[in-house]
Amino acid sequence: MTKDDQSRADGAIDRRRLLTLGLGAAAAVGLTGVATLRPEVARAATAPMLLAADEFDGPAGSAPNPGIWRHDLGGGGWGNGELEVYTDSRRNSALDGNGNLAITARREADGSYTSARLTTQGTYSVQYGRVEARIKIPRGQGIWPAFWMLGADLPQVGWPACGEIDVMENIGREPGTIHGTVHGPGYSGAEGIGTAATLPSGAFADAFHVYAVDWRPGSISWSVDGATYRTITPADTNGDPWVFDKPFFVVLNVAVGGGWPGAPDATTPFPQQMLVDWIRVWQNA
C-alpha cells in the first residue's frame, strides 16, 4: 500500500490479551551461554518467543482489546485517494461473538463510506520474527483489505523512510490474488518490491487463510497457508536503503477506493467485512 500517513500454540495462548515476555530467562541464557546447554535447551533458547496474540474472543459488539489496538481516524485519502473515513465506531470494528474481529466497511445513507483501521502503534512493536494472522477477506470492486506493518520511527522520519511491510493486500478486482510487498526510500508506491500469490481456482474471500511474514536480519519471506511464495533481501533494493532492521508495529484495515483498486461500482455490495480469527506475533529470541 502506498501510505502517506497523516500522523502517522493454539490452545496454550492466553485468549484476547496482550502477551509480553519478561527478560529474565533471556538474560539467564545469555549468562550461561547457549553452547553449554543441552541441545534441546539450546533449541528452546533460540526459538521465537510469543510477543503478542489476540484471539478476539468476547461478546458480539464489544470493542477490540484497547490494550493492544488503537484506531487511526479520519479521511482525506491517506495518500492513496481512498474514499473512506476511518472511525472508532463499533459499527466499523467490533468482535462478532464467534471469535473474530470484524472490520466493516459501510456505504452510509449520504453515499459516503466508513471503515476502520486498527494499529498497535503505542502498544507494541516487533523486530524480527513471524507475524501471522488468520483472515477471511471481503470481496468486490473497490475493496482493499490489508494486513501490514510500519516502522515504529514513522513519527520521526515519515513515510517511506520508516519502511513498510505489507503482509497481505488484496484488491477486489483480483479475487484470486494477494500481494506481499515492501516499501522504502527509492522503492515506494508503485515501485514497491514484492510479488503476488494466486489461487489455482476460487477467491481468497471464500475462506479463511493464514497470511504471514518470516522476518530475519537481511531477509523477509511471505507465505500463505504455510507455503512461502517470495523472499527478498537487501540485494533486491538495487542499492537503495534497506530499512527493515528496526521495530515495526502492526496495522489491519479495509480501505474503500483509491488509485490502485479503483472506486466501488454497482456490483459492489455493502457492508463489507474482513474477519480476523487470530493474530500472533513471534519475536526471534
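Start by selecting P59: with a relative accessibility of 61%, this proline counts as exposed. The model you are looking at is predicted. P59 lies in the loop between β1 and β2. Now add D96 to the selection. The two residues are 37 apart in sequence, yet their C-alpha atoms are 7.1 Å apart in space. Show the side chains around P59 as well; beyond its neighbours within four places in sequence, P59 is in contact with L95 and G97.

**The β1–β2 loop: F56 and W69**

Stay in the loop between β1 and β2 and select F56, which is found there too. Is F56 buried or exposed? F56 is buried, at a relative accessible area of 0%. Its backbone deserves a look: phi is near 60°, a positive value in a residue other than glycine.

Next, select W69. This tryptophan counts as buried, with 3% relative accessibility. A search of the whole structure gives nine aromatic pairs. F56 and W69 form a stacked pair, with 6.3 Å from centre to centre and 25° between the planes. Both residues lie in the loop between β1 (49-54) and β2 (70-72), so the pair ties together parts that are 13 residues apart in sequence.

From F56, move to N100, in the loop between β4 (93-95) and β5 (101-107). N100 counts as buried, at 8% relative accessibility. Leaving aside neighbours within four places in sequence, N100 is in contact with F56, A94, L95, F208, L275, V276 and D277.

**Y113, F270 and a cis bond**

Select Y113 and F270 together. Their ring centres are 5.3 Å apart and the planes stand at 40°, so this pair is tilted. What does the pair tie together? Y113 is in strand β6 (residues 113-115) and F270 in the loop between β16 and β17 (272-283), so the parts joined are 157 residues apart in sequence. Y113 is buried, with a relative accessible area of 12%.

Extend the selection from F270 to P271. The peptide bond between them is cis, with omega near 0°, and P271 lies in the loop between β16 and β17.

**The ring cluster and a charge over a ring**

Select Y128, W215, W242, F244 and F248: ring pairs link these residues into a cluster. Y128 lies in the loop between β7 (117-119) and β8 (129-136). It is not a glycine, but its phi is positive, at about 75°. Y128 is also buried, with a relative accessible area of 16%.

Then go to W278 and R280. The charged end of R280 sits over the ring of W278, 3.9 Å from the ring centre.

**The nonpolar cores**

In soluble globular proteins, nonpolar side chains tend to be buried together. Which residues touch the most other members of the largest nonpolar core? In this core of 53 residues, they are I135, F147, M149, I165, Y211, I220 and F244. Strand β16 (residues 248-256) gives the most to the core, with five residues.

Select F147 and display its surroundings. Apart from neighbours within four places in sequence, its contacts are V131, E132, A133, I135, D166, V167, M168, Y211, V250, V251, L252 and I279. A second, separate core has eight residues, among them A146, W148, W159 and C162.

W159 leads to another backbone feature: the peptide bond from W159 to P160 is cis, with omega near 15°. P160 is in the loop between α3 (154-157) and β10 (164-169).

**The whole chain**

Zoom out and switch to a cartoon view. The secondary structure comes to three helices and 17 strands. Of the 285 residues in the chain, 50% are buried. The accessible surface of the chain is about 11700 Å², and 53% of it belongs to carbon and sulfur atoms.

Finally, colour by pLDDT. The chain has a mean of 87, and 84% of its residues reach 70 or more. Select residues 2-45, where the pLDDT is below 50. Beyond near neighbours in sequence, this stretch has 75 contacts in the model. Where pLDDT is low, the predicted coordinates should not be read in detail.

Conventions:
Residues numbered from 1 in each chain as written. Predicted model: local features only at pLDDT ≥ 70, side-chain atom pairs only at ≥ 80, totals over all residues. Heavy atoms only, no water. Core = buried A, V, L, I, M, F, W, Y, C linked by side-chain atoms within 4.5 Å. Buried < 20%, exposed > 50% of the residue type's maximum accessible area, 1.4 Å probe, protein only. Helix = DSSP H or I, 4+ residues; strand = E, 2+ residues; numbered from the N terminus. Contact = heavy atoms within 4.5 Å. Phe/Tyr/Trp six-rings, centres within 6.5 Å; stacked < 30°, edge-to-face > 60°. Lys NZ or Arg CZ within 6 Å of the ring centre and 35° of its normal. Areas by Shrake-Rupley, 256 points an atom, 1.4 Å probe, with all protein chains shown as cover. pLDDT = per-residue confidence, 0-100.
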